[in-house]
Amino acid sequence: MAKVRFGSNDDLILRYVRRGRVWRPRMRGRRINWAIVVEWGLVTAAACLILCVGLLVGLDHARPDLNAESRRFADAAVNAITASANPDELTARATRDFAFANTVEYSTLSRRLKRLGPVVENRGCQGQADLAGWSQSELVTAHYACELKLQKSSAIVALSLRDDADAWKITSFYVGPPRALDRPASD
């Protein structure tokens, strides 16, 4: 019982041969061409690298458009809401969930907006849009903090946005208390 034959295939025959007390495999027929295995491994790795780079470049190019668009909406919304000090301006730009959930807080928000007084300058909103999820319906959100210069003070307005099918909508809105402006030292 020197030879045992397990499988037979036209391409490869694998036999176990007893050498001393140990059975060792011995291959006959076609050998594995390692050059082809390495070549296909490199081609697969290169294809995956190209796809990943394309995905990252695509996401990177999409973000500046979202950032600019959401920043314009945030600036315009803050200017309109603070200029009128009317919560109806916020309701018109808010998501349904936010508008219906916060009807009690509108009186507090209205008092805070009126306490700010007239806005001298909106120094611009700082923040960015974020892509979340890899499903068919990607969730695009944006978070901004806007510094407002008032006549005798300044205030921060923070808001979060969500990109609905047709336009940006406000999902949260916060008006910080006014704080005194830093006065330059007089000579």
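## A walk through the fold, its cysteines and its largest pocket

In this protein chain, residues 24 or more positions apart account for 46% of the contacts with a separation of 6 or more. Please keep in mind as you look around that this is a predicted model.

Let us begin with the overall layout. The protein chain has four helices and eight strands. Following the sequence from its start, you meet them in the pattern β-β-β-α-α-α-α-β-β-β-β-β, with the four helices sitting between three strands before them and five after them. Of the 187 residues, 25% count as buried. Turning to the surface, the chain exposes about 13,200 Å², and carbon and sulfur atoms supply 56% of that area.

Next, the cysteines. How many disulfides does a search of the whole structure find? The search finds one, formed by cysteine 125 and cysteine 146, whose sulfur atoms are 1.9 Å apart. This pair links distant parts of the chain: cysteine 125 belongs to strand β4 (residues 119-132) and cysteine 146 to strand β5 (residues 139-150), with the two cysteines 21 residues apart. The torsion about the S-S bond of cysteine 125 and cysteine 146 is about 95°, so this disulfide is right-handed. Are cysteine 125 and cysteine 146 buried or exposed? Both of them are buried.

Cysteine 48 and cysteine 52 make a useful second stop. Why is there no bond between the sulfur of cysteine 48 and the closest cysteine sulfur, in cysteine 52? The two sulfurs are 6.5 Å apart, which is too far for a bond, because a disulfide needs cysteine sulfur atoms within 2.5 Å. Seen from the other side, cysteine 52 is in no disulfide, and its nearest cysteine sulfur is that of cysteine 48. As for their surroundings, cysteine 48 is partly exposed, with a relative accessible area of 43%, and cysteine 52 is also partly exposed, at 46%.

Finally, let us visit the largest pocket, which has a volume of about 170 Å³. Eleven residues line this pocket, and Glu105, Leu109, Phe173, Tyr174 and Val175 lie nearest its centre. Which elements each supply at least two residues of the lining? They are helix α4 (106-116) and strand β7 (168-175). Helix α4 gives the most, with four residues. Sorted by class, the lining of the largest pocket has seven nonpolar residues, together with two polar and two charged ones.

Terms used:
Residues are numbered from 1 along each chain as its sequence is written. This is a predicted model: local features need pLDDT of at least 70, side-chain atom pairs count only at pLDDT 80 or more; totals for chains, interfaces and linings use all residues. Side-chain values use heavy atoms; hydrogens and water are left out. Buried means under 20% relative accessible area, exposed over 50%, partly exposed in between (1.4 Å probe, protein chains only). Contact means heavy atoms within 4.5 Å. Accessible areas come from the Shrake-Rupley method with a 1.4 Å probe; for residues, only the protein chains shown count as cover. On a 1 Å grid over the protein atoms alone, a cavity is a set of points where a 1.4 Å probe fits but cannot get out, and a pocket is an open set with protein on both sides within 12 Å along at least five of seven lines; lining residues have an atom within 4 Å of a point. Grid points are joined across faces, edges and corners, and a volume is the space filled by probe spheres set on the points. Ala, Val, Leu, Ile, Met, Phe, Trp, Tyr, Cys and Pro count as nonpolar, Asp, Glu, Lys and Arg as charged, and the others, Gly among them, as polar.
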